[in-house]
Amino acid sequence: MESAIKAPRGTRDVLGDESWKWTHVLNVCRGVAGDFGFSEVLLPIFEHTELFCRGIGDTTDVVEKEMYTFIDKGDRSMTLRPELTASMVRSYLEHDMRRAPQPVKLWSAGPMFRYERPQKGRYRQFWQIDFEILGVSSPMADLETIDTSMEIYRRLGLTNLQVLINSVGCPKCRPAYRDALKRFFESGPGLEALCETCRGRFDRNPLRILDCKKPECREITESAPAILDSLCCECAAHFEDVTRGLSRIGADARLDKRLVRGLDYYTKTAYEILAGELGSQNAVCGGGRYDNLAEAIGGPSVPGVGFASGIERIVITLEGQGAFLGDKPRVDVYVVTASSSLALEASALAHELRSSGIPSDTDYAGRGMKAQMKQAAASGAGFVCIIGEDEAASGTVSVKNMSSGEQRSIPRDEAASKLALWREERNR
Ligand code: AMP
């Protein structure tokens, strides 16, 4: 039936024929989080707008154009979270996690909101998993972050992923690079050759020009100077340690000199993981170090590194690669009755089976037996229990094995134990 009001553009209902895929991805993440020592935190879906303005940056597309911001009834500006890192750092500071042994390793998952132009793999409400390691500046934390994301994809069975890595330096070495970049854009093909958005970025944030996906800008940035050539000793050594670590753990990462995050609190490592199945929105994961973010949101200096990955994009990639996505949940037993006067018997049997840990369902819409059998087949149940007048009178139940077609009569009070046994045999 068509409903008059539809879900807002860029959002979608994840229905029962798909939601279990989300559960599968989240279960894998939960397993990896446990194995790597990350603890799960559940954070608010809306925060003070200021957190994102300061924690993501006023000159980013997210803050400039994509936030769902509203004034609440107390006249405060609130924003639906567009990402989790700023909230994670806020939570770390608010709960004084600096007093705990460092690093503090946190993870979370949930919906994010960005007013973007919707297309395949890009939505206005989408799910992210987010992992952060706070309180240490060691390159080993960067390495472990990348390893955590790779382990999630490995356990999910994702293949053909490409890891791109770069360093964005630090506030000590970045100004020299910014100047070199500006000189480069002013000379050669000149500013006029850049797209309009990038011309606007030139003064405010020239590094972001490297990020532009427009062909005219890509062509120019191809020969732009690489930030790696401008890194200070500390950033260069950090990058060297991360890349050495990656080859030590057998991770194949490619240097991408145009991978940048043009904000002062992003420091050193930046990385992205791409999947071909996604088309133009091909990033399945984005991460990096942000040693100056805590200060940017008004706290003390706390180094941090982390990544976020979109669940929709993970699911699209898994589907594209024909990978295992978990099993669609189904009941094991469907209880059918010969007449609606036996409905109570059916409900009582389903109740007993469920209490014995056997997922079961029954019909309470008063359908005829043929329709009930059809429903039973559609449910995917391995067994159907039939209660007819004869069975009710003799205290028995007829059990049909749906894969072999074999049917046998068993005492009603043995139904739960027998079905538990047969179910176990079948699952073996
Ligand atoms: P970001 O926070 O922009 O670095 O994004 C991290 C990851 O979240 C990306 O690599 C995507 O997998 C996912 N993502 C970001 N924006 C969207 C969106 N609008 N729709 C779906 N997934 C997204």
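## Ligand shell

The shell around the ligand in this predicted model mixes residue classes: six nonpolar, four polar and five charged. The shell counts 15 residues, and those that come nearest are Arg114, Glu116, Tyr123, Gln128 and Gly310.

## Polar contacts and burial

Oxygen atoms of the ligand take part in polar contacts with side chain and backbone alike. Gln128 uses its side chain: an N or O atom there is 3.0 Å from a ligand oxygen. Val284 uses its backbone, with an N or O atom 3.1 Å from an oxygen atom of the ligand. Cys285 also contributes a backbone N or O atom, at 3.2 Å from a ligand oxygen.

How much of the ligand does the protein bury? Taken alone, the ligand exposes 490 Å², and the protein buries 86% of that area.

## Where the shell comes from

Three strands give two or more residues each to the shell: β6 (125-134), β10 (283-289) and β11 (304-310). Which element supplies the largest share? That is β10, with four residues.

Strand numbering ties some of the named residues to these elements. Gln128, with its 3.0 Å side-chain contact, falls within β6 (125-134). Val284, at 3.1 Å through its backbone, lies in β10 (283-289). Cys285, at 3.2 Å, lies in β10 as well. Gly310, among the residues that come nearest, closes β11 (304-310).

## The eight-stranded sheet

The strands β6, β11 and β10 follow one another in an open sheet of eight strands. The full order is β1-β5-β6-β11-β10-β9-β7-β8, and the pairing is mixed. At the edges are β1 (39-40) and β8 (253-255), each of which pairs on one side only.

Edge strand β8 pairs with β7 (residues 161-167) in the parallel sense. Three bridges connect this pair. Within it, Val163 stands opposite Ala253 of β8.

## The three-stranded sheet

A further open sheet has three strands, in the order β2-β4-β3. Here the pairing is antiparallel. Which strands form the edges? They are β2 (46-48) and β3 (68-71), and each pairs on one side only. Neighbouring strands of this sheet are turned by 35° against each other on average, direction ignored.

Strand β3 is joined to β4 (residues 77-80) by four bridges. The two run antiparallel. Tyr68 stands opposite Leu80 in β4.

Notes
Residues numbered from 1 in each chain as written. Predicted model: local features only at pLDDT ≥ 70, side-chain atom pairs only at ≥ 80, totals over all residues. Heavy atoms only, no water. Near = heavy atom within 4 Å. Polar contact = N/O pair within 3.5 Å; in protein donor to acceptor, adjacent residues only side chain to side chain. Areas by Shrake-Rupley, 256 points an atom, 1.4 Å probe, with all protein chains shown as cover. Nonpolar A, V, L, I, M, F, W, Y, C, P; charged D, E, K, R; others polar. Pairing = 2+ DSSP bridges. Axes fitted to C-alpha atoms, helices over the stretch in contact; angles between N-to-C directions.
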